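Me: Hi, I'd like to go through this one with you. Could you take my questions as they come?
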Amino acid sequence: MERLGDLYDFPFQHAPEFSPSMSKKRFRSGYSNQPFLTRLREVDANEEIMRSDDREALLHIALHQCYPGPCRFPNIDVNGKRAVIKGWSHAKHVLTDGILGKECCWAAFVTDLKHPKWWPSKKSVPTYDQIILAAGHADIGCHQDVYGDERKLVATYLAISSGEKRCILLPPTESWLKDRADFQLAVSDPSIVSRIHESGGFIFNLKPEEDGTPILLYIPCGWYHWLHAKSDTSIVFGGSIFMDI
């Protein structure tokens, strides 16, 4: 095992353990219960959509390479408000205004992904294979990943292929950060940073390696996580699984 400490520049970083590779055996033998980071060496089925250097390129990806189909529109959030999408033409309008208008926005597209070989795809959560595009310092807030009306807890991986995000992870028992709305205010408070460390949590930056290899973050079932875009554009992709079947 290595530490990821010298790869990122978060001044008070404490990152999960970094493994250069992962296998089905290692994942089943205990790694499914703890956060970790690893390289994503496999070529994703949608590799061509995974890079963006500016907002115009991000918009092109959203409009021309992430089309989700006529019956499934992307989830879009602009300046912290979820847009009610009425059709694909409306989605295009909202995306164009949000991305080129220098707004803070994100869009999640359901798609078919080629998962890492060690990922137990047979347990996949329906519609949770997604590509998430972000413009500006967007985030979804501190939350657990859940599925359905019964809010069933699920485990997730997110691989970042473009841009950079600041991340906070907290164990399932540590719900005290979920009602805060301002990421920058939270991480600038030394007492909050200390409490994250003391509670067994993590705070770190996430970005691809210098050669462009995506870095994958695994988030165990029930763990709170808060990913806040540090760069002006970013792209992550991933999926979720049920852990009790």
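Me: Let's start with Y31: buried or exposed?
Reply: Y31 counts as buried, because its relative accessibility is 18%; buried means under 20% relative accessible area, exposed over 50% and partly exposed in between, with a 1.4 Å probe and protein chains only. Before we go on, this is a predicted model, where local features need pLDDT of at least 70, side-chain atom pairs count only at pLDDT 80 or more, and totals for chains, interfaces and linings use all residues. Residues are numbered from 1 along each chain as its sequence is written, and side-chain values use heavy atoms, with hydrogens and water left out.

Me: Thanks. How are the rings of Y31 and F36 arranged?
Reply: Their centres are 6.0 Å apart and their planes are at 90°, so the pair is edge-to-face. For the cut-offs: rings of Phe, Tyr and Trp (its six-membered ring) pair if their centres lie within 6.5 Å, and planes under 30 degrees apart count as stacked, over 60 as edge-to-face and the rest as tilted.

Me: Which pair do F36 and Y218 form?
Reply: A stacked one, with 5.1 Å from centre to centre and 25° between the planes. F36 is in strand β2 (residues 36–39) and Y218 in strand β12, so this pair ties together parts that are 182 residues apart in sequence. Helices (H or I, at least four residues) and strands (E, at least two) are DSSP runs, numbered from the N terminus.

Me: And why do those two count as buried?
Reply: F36 counts as buried because its relative accessibility is 1%, and Y218 because its value is 0%.

Me: What else is in that aromatic cluster?
Reply: Besides Y31, F36 and Y218, the cluster has F27, W118, W119 and Y157. The structure holds 14 aromatic pairs.

Me: Switching topic: where is there a charge over a ring?
Reply: R195 lies over the face of W176, 4.1 Å from the ring centre. The rule there is NZ of Lys or CZ of Arg within 6 Å of the ring centre and within 35 degrees of the ring normal.

Me: OK, the core. How many residues are in the largest nonpolar one?
Reply: It has 37 residues, and L95 and L133 have the most contacts inside it. A nonpolar core here is a set of buried Ala, Val, Leu, Ile, Met, Phe, Trp, Tyr and Cys residues joined through side-chain atoms within 4.5 Å. Among the elements that each supply at least two residues are α2 (55–64), α3 (88–100) and β14 (233–241). There is also a second, separate core of 21 residues, which includes A134, L158, C167 and L217.

Me: What does L95 touch?
Reply: Leaving out residues up to four places away in sequence, L95 touches L59, A62, L63, I76, L100, A107 and F109. Contact means heavy atoms within 4.5 Å.

Me: Now the empty space. What is the volume of the largest pocket?
Reply: About 840 Å³. Of its 37 lining residues, Q130, I132, I140, H143 and D145 are the closest to the centre.

Me: And the volume of the largest cavity?
Reply: About 40 Å³. Its lining includes L58, L95, C105 and L133, and α2, α3, β5 and β6 each give two or more residues to that lining.

Me: How do you define those two?
Reply: On a 1 Å grid over the protein atoms alone, a cavity is a set of points where a 1.4 Å probe fits but cannot get out; a pocket is an open set with protein on both sides within 12 Å along at least five of seven lines, and lining residues have an atom within 4 Å of a point. Points are joined across faces, edges and corners, and a volume is the space filled by probe spheres set on them.

Me: Last one: which residue between α3 and β5 has a positive phi?
Reply: That's K102, in the loop between α3 and β5; its phi is about 60° although it is not a glycine. K102 counts as exposed because its relative accessibility is 61%. R151 also has a positive phi, near 55°, and sits in the loop between β7 (146–147) and β8 (152–153). R151 is exposed too, with a relative accessible area of 57%.
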